[in-house]
Number of protein chains: 2
Amino acid sequence: MTENHLTSLPEWTQLAVEAGRMKLPENHLKHLIRHNNRLEKFSVTGCGLFYDFSRQRLDAGSLRSLINLANARKISLRFRQMMAGEQVNTTEKRAALHTATRSFSKDPIFENGTDVMPDIRRIRDEIGKFSADIHSAKIRGSCGKSFKDVVVIGIGGSYLGTEFAATALQGSADKGIRLHFLSNVDIDNFGAIVDYIEPETTLWVVISKSYTTAETLANTNQVLQFMADKGLDAKNHIVTVTSKGSPGDNTANPVLKSFHMFDFIGGRYSVTSAVGGVPLSLYLGYDRFEEFLKGAEEIDIHANTAPANKNIPLIAALISVWNNNFLGYPAQGLIPYSHALSKLPAHIQQLSMESNGKSVTQKSETVDFPCGSIIFGEPGTNAQHSFFQLAHQGRPFPIEFIGVVNPCHQKYSGQSKGVTNHQELWANLMAQPQALATGKDDSNPSKFFPGNRPSSTLLINDLSPKNVGRLLAFYEAKTLFEAFIWDINPFDQYGVELGKTMAEDIRSEIAGKNKNPDYQFDNRDLIRKFYLEVLFNQKI
Amino acid sequence: MTENHLTSLPEWTQLAVEAGRMKLPENHLKHLIRHNNRLEKFSVTGCGLFYDFSRQRLDAGSLRSLINLANARKISLRFRQMMAGEQVNTTEKRAALHTATRSFSKDPIFENGTDVMPDIRRIRDEIGKFSADIHSAKIRGSCGKSFKDVVVIGIGGSYLGTEFAATALQGSADKGIRLHFLSNVDIDNFGAIVDYIEPETTLWVVISKSYTTAETLANTNQVLQFMADKGLDAKNHIVTVTSKGSPGDNTANPVLKSFHMFDFIGGRYSVTSAVGGVPLSLYLGYDRFEEFLKGAEEIDIHANTAPANKNIPLIAALISVWNNNFLGYPAQGLIPYSHALSKLPAHIQQLSMESNGKSVTQKSETVDFPCGSIIFGEPGTNAQHSFFQLAHQGRPFPIEFIGVVNPCHQKYSGQSKGVTNHQELWANLMAQPQALATGKDDSNPSKFFPGNRPSSTLLINDLSPKNVGRLLAFYEAKTLFEAFIWDINPFDQYGVELGKTMAEDIRSEIAGKNKNPDYQFDNRDLIRKFYLEVLFNQKI
């Protein structure tokens, strides 16, 4: 173990002591929240965000110790190095410059000696022009009709963040474009979409950095066949978002337009690149996409420059580490009290679990503490009527609540029980953290609530593009600060490789049998052989 | 502690010994799966289901001990008592007779001395007749147009199971009806739906047992106002599913039709009652709903009569208990390799976490073991590109995979890399459990896979109504068997009450301020006061 091994640091040891203290009965949340100025001392605000961690199980001492840990790990320096284009993705020997995609500064950002900003600005311009041409019907489908449906073909990081942002911004989608996502290789995903759209007025946006992703290629092939069957010229209905020179950016496979992706931006961090830029600009208009970028940029600057005790994503990351490593919670709920944010948990699930579900440090040591949380969630109040029974009386887990001060649909202001729907929603958003924290005594054990269940509440003013961009960048920075504390690489994902390799092996068996009905399946793995036979017999 | 306290049973102690043994290196899954006839010995089949638990971390000895535990806890007897109408919901002093809603036997089922079957049959007939009249346009909207959109207004158990079943059965929805769910009190849920539907051709199905659920009433009030604003007579556009004599079944509030719910069926078990029956019959036709019921009935009979070692939901429940209590996994992934099953995880999340996220036994003792798991999931292959990094290399959690042998959209049979989309999906469904179980050595620590990560695979032949009914009842029975082992009450949900009470209190503050702008918020809880001020100032 190296000398700056995390669990050997005095700051870590101190935190273990603090955690022991916080577990004492007198530090139950029901007592902590009554302390003077609790909310003022345990909340941070800025860049349109308000982050309340007054219902987390910490006090001034434990918060100070967490900040000491952040300083000992130099996580602010690491964030700065990342934004400056250093090779922070050490295993893959790359920079991680998603922050550059939303930089509107005139300053250059060098990656390996080259300023990346001219290319980034060029692609933004291309997206702006292309989406305007689609909206003005200057570019039309092969029958001369203007486009009405846009289908993103992409999986994982090629759609989850975009789906979150598009759903959050549905109130701003006034361009007459409906947006769909064809992600799963399951033919029933394809079938459900083509049952819905009109092929003549549909634009397909194929997103794959390498243009070798099995699911995306299989779906694209289905689309080519489908469009040909309808007598349509597919090349006038497809755009690609891919690496320069990939098979998707090749004149041998002509398409309407190719937009470039870069090696230095990973899928789960790519929403503000062309990956999100093309579909979101088509759905919302480029101007709104740019506002979204500017919201994200604002948080990047804040994360990069605010002192630790005022730094919102940094504080949120420290609380994750605290709950994960010191209070022993393996999972975290993410509950937006906004139906338009219903796709946020699925995006953060990928962002966080794929980034930080690791077992090896940057120094190739196996980690000796749990790292990465299970993230799950549904919108409130729905979640209250689903799994909150367990949150209140069963196995405890910390929750991040999100509140939106102003809803989109203000005009429906009718009241029930003296309050509007939005006020009813907020009554619940206020009640849940309080109930989780305080609990309730009851002589009937079925009605006893232990309380002491931690939560944070994050507020934004509304679902403007700027605020949605801020929310996105907040979670990105939070995820990265966690990784920097743990000293793991949040940019690689080697854990997905073994399954892919095994699937390739099985695929060749299937392809062998497709080609030659006499093909004999490998006899060495009898479980696998059983499933192959079920697949070909088409019954259990 | 009573003498038959769970953790004092010799069967429990024996399982702890077995678990210790299973943690030895020689019992790593990579070795276990190579044993002779592993799949034959560790799989069960019947009623159209195939359940493979060969990749669970157990051997013949631990399986036998689990079955001994099931016998010691008399869980089969409890299931039989439940189906026979005994008062198994002890805290609320009610029967739990969801199984009666899908009984097609001629035998009576007595609840408190009364045969419940005549009422159940009558309601099925009413649903059949009503949905046929909608489909034939015998019943039309107030402008004389036939209905095209059906919006369910309900939250929690009033929609999650129906949403799962409707999504799974979308391939059978040929009645020209689109189905939507208005669940969240967030006005943006309402706004998004009314932006989409045509009010003249929309039927609203309001579902609430008590007809006092705050969210459902608030949304229903919005609908009444909205329909009135459009000059439509709401009473010709609304049906209710509610308890006999509730405010939703009252001639003072006239509606097209009221369908009755019973006290002895809880929300999360109500899909096969009128709660699911009305929307699913409108969406699919009553005949298909009846096939769905018959699939569920088949599993009920199997769960009730099959011997423990052949009983599919019972074995699945034992594996949950094993993973939860003996191997120490706090969460479980549920990954259907079928896009049409994308809403299954959200339904099972409620079913399982609300039923079994408890801390008190039926004897009012506080449980001294973890009970209830965190359930989360997304469809495969999507999940592979999202959070499977953590599954393979981070914090381990058991996974239940689901495979569908035949997809709905068979006609799109184009191939990529020599295989169809469906075969590509299955190559991955086969590869993932294998990769999780075996792992892979690698001198590069970033590419090392520890393996030994348990999973089950459940197969069904296709997404017919019968199979979807079987799937539903399988998870219900599995959940109940877990509860019977733990001796907790899976039918109550007192854990949701405290939040509701606190929300009511906050609601009166908001209503007070709405009525009188000079109203002063309660000063005793400053955190709450802060949020109330943000809400009324409409900004952070």
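In the predicted model, the buried residues of helix α8 of chain A are covered by elements that include β5 (149-153), β6 (178-182) and α9 (214-229) of chain A together with α15 (421-438) of chain B. Helix α8(A) spans residues 187-196 and is mostly covered, with seven of its ten residues buried. The buried residues are A:Ile187, A:Asp188, A:Asn189, A:Phe190, A:Gly191, A:Ala192 and A:Ile193.

Helix α15(B), one of the elements that cover α8(A), also figures in the contact between the two chains. This contact takes 121 residues from chain A and 121 residues from chain B. On the side of chain B that touches chain A, α15(B) gives the most, with 13 residues. By residue class, that side of chain B divides into 56 nonpolar, 48 polar and 17 charged residues.

Chain B also holds an open sheet of six strands, in the order β1-β2-β15-β12-β10-β11, with mixed pairing. Its edge strands are β1 (43-46) and β11 (374-376) of chain B, each of which pairs on one side only. Neighbouring strands of the sheet are turned against each other by 15° on average, direction ignored. In general, the strands of a sheet pair through backbone hydrogen bonds, in either a parallel or an antiparallel manner. For β1(B) and β2(B), the latter comprising residues 49-52, the pairing is antiparallel and runs over four bridges. Within this pair of strands, B:Val44 stands opposite B:Tyr51 of β2(B).

How values were computed: Residues are numbered from 1 along each chain as its sequence is written. Chains are lettered from A and ligands numbered from 1 in the order in which they are written. This is a predicted model: local features need pLDDT of at least 70, side-chain atom pairs count only at pLDDT 80 or more; totals for chains, interfaces and linings use all residues. Two strands pair if DSSP finds at least two bridges between them. Axes are lines fitted to C-alpha atoms, for helices over the stretch in contact, and angles run from 0 to 180 degrees between N-to-C directions. A residue is buried if 20 or more other C-beta atoms lie within 10 Å of its own, exposed if 12 or fewer, and partly exposed in between; C-beta atoms are placed from the backbone. Two residues are in contact if their C-beta atoms, placed from the backbone, lie within 7 Å. Ala, Val, Leu, Ile, Met, Phe, Trp, Tyr, Cys and Pro count as nonpolar, Asp, Glu, Lys and Arg as charged, and the others, Gly among them, as polar.
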